[in-house]
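Thanks for coming, everyone. Let me put the structure up, and then I will walk you through it.

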Amino acid sequence: MTDCLIYNISVPKRHPSSICVELPRLAESLKGIGELFSPVAQDEALMEFIGDFSRTDEIKPEDRTIGFVVVNVEKRKIAISISDPSGRLAPEVNAAADRLRTLGIETGVDLS
């Protein structure tokens, strides 16, 4: 069984992209998402992000989606919503959100 987060990424002048990022890659992916907000080469940054973090093996019936990360580059906003009843993800998610906020990206977090 694999726990995934679904990223929905909207970049100006492109159709939104949706990818599955495996839970162990969450912190790393949240660090990398800030690169999409650079005004230079957003298409390249998006393709690189997808190549680096998107799950590539087949999805199985026992896999679970435990959260969503919605990214709107044009509006400079990110919403992170993760089911985390144990609270074990809170420190890394909140630290990543703080880093994104320092980049001027409005970032909302819901860990329930």
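I will start with the overall fold, then take two helices, an aromatic cluster and one loop residue.

First, a reminder that this is a predicted model. The protein has 3 helices and 5 strands. From the N terminus on, the order is β-β-α-α-β-β-α-β.

Now the overall dimensions. The C-alpha trace spans about 40 × 30 × 20 Å along its principal axes. For 112 residues, a compact globule would have a radius of gyration near 13 Å, and the protein agrees, with 13 Å. Buried residues make up 40% of the 112. Then look at the contacts between residues at least 6 apart in sequence. Of those, 61% join residues at least 24 apart.

Let's turn to helix 2. It covers residues 42-53, so 12 residues, under the DSSP assignment. From first C-alpha to last, helix 2 reaches 16 Å, close to the 16 Å expected at 1.5 Å a residue.

Which residues of helix 2 are buried? They are Q42, A45, L46, F49, I50 and F53. These cover an arc of only 130° around the axis, which puts them on the same side of helix 2. The background is familiar. An α-helix has 3.6 residues a turn, so residues three or four places apart point the same way. On the other side of helix 2, E44, E48 and G51 are exposed.

And what covers the buried residues of helix 2? The cover includes strand 1, residues 3-10. It also includes strand 2, at 17-22, and helix 1, at 26-32.

Stay with that buried side, and look at the rings. The structure holds 2 aromatic pairs. One is Y7 with F49. Their centres are 5.7 Å apart, with 45° between the planes, and the pair is tilted. Y7 lies in strand 1 and F49 in helix 2, so this pair ties together parts that are 42 residues apart in sequence. The other pair is F49 with F53. Here the ring centres are 4.8 Å apart and the planes are at 45°, so this pair is tilted. F49 and F53 both lie in helix 2, 4 residues apart, about one turn of the helix.

Put the pairs together, and Y7, F49 and F53 form one aromatic cluster. Is the cluster buried or exposed? Y7 is buried, with a relative accessible area of 0%. F49 counts as buried at 3% relative accessibility. F53 is buried too.

Next, helix 3. Residues 90-102 make up its 13 residues. They should span 18 Å at 1.5 Å a residue, and the end C-alpha atoms are 18 Å apart, which agrees.

The buried residues in helix 3 are A90, V93, A96, A97 and L100. Their arc around the axis is only 140°, which puts them on the same side of helix 3. On the other side, P91 and T102 are exposed.

What do the buried residues of helix 3 pack against? Their partners are helix 1, strand 4 at 77-82 and strand 5 at 106-111. Helix 1 also figures in the cover of helix 2, as we saw. One detail after helix 3: G104 follows, and its phi is positive, near 85°.

Last stop, D63. Where does D63 sit? Its place is in the loop between helix 2 and strand 3, which runs 64-72. D63 is buried, with a relative accessible area of 16%. The cut-off for buried is under 20%, so D63 qualifies.

The side chain of D63 has a polar atom 3.1 Å from the backbone nitrogen of T2. T2 is found in the segment before strand 1. At 18% relative accessibility, T2 counts as buried.

Now the contacts of these two residues, leaving aside neighbours within four places in sequence. D63 is in contact with M1, T2, R55 and E58. T2 touches E22, R55, D63 and R64. R55 is on both lists.

To recap. Helix 2 has its buried residues on the same side, and helix 3 has its own on the same side too. Y7, F49 and F53 form one aromatic cluster. And at the loop after helix 2, a polar atom of the D63 side chain lies 3.1 Å from the backbone nitrogen of T2.

Over to you for comments.

Notes
Residues are numbered from 1 along each chain as its sequence is written. This is a predicted model: local features need pLDDT of at least 70, side-chain atom pairs count only at pLDDT 80 or more; totals for chains, interfaces and linings use all residues. Side-chain values use heavy atoms; hydrogens and water are left out. Helices (H or I, at least four residues) and strands (E, at least two) are DSSP runs, numbered from the N terminus. The expected span of a helix is 1.5 Å times one less than its number of residues. Buried means under 20% relative accessible area, exposed over 50%, partly exposed in between (1.4 Å probe, protein chains only). The arc is that of the directions from the helix axis to the C-beta atoms. Contact means heavy atoms within 4.5 Å. Rings of Phe, Tyr and Trp (its six-membered ring) pair if their centres lie within 6.5 Å; planes under 30 degrees apart count as stacked, over 60 as edge-to-face and the rest as tilted. A polar contact is a pair of N or O atoms within 3.5 Å; within protein, one must be able to donate a hydrogen and the other to accept it, and residues adjacent in sequence count only if both atoms are side-chain atoms. The radius of gyration is taken over C-alpha atoms; the globule rule is 2.2 Å times the number of residues to the power 0.38.
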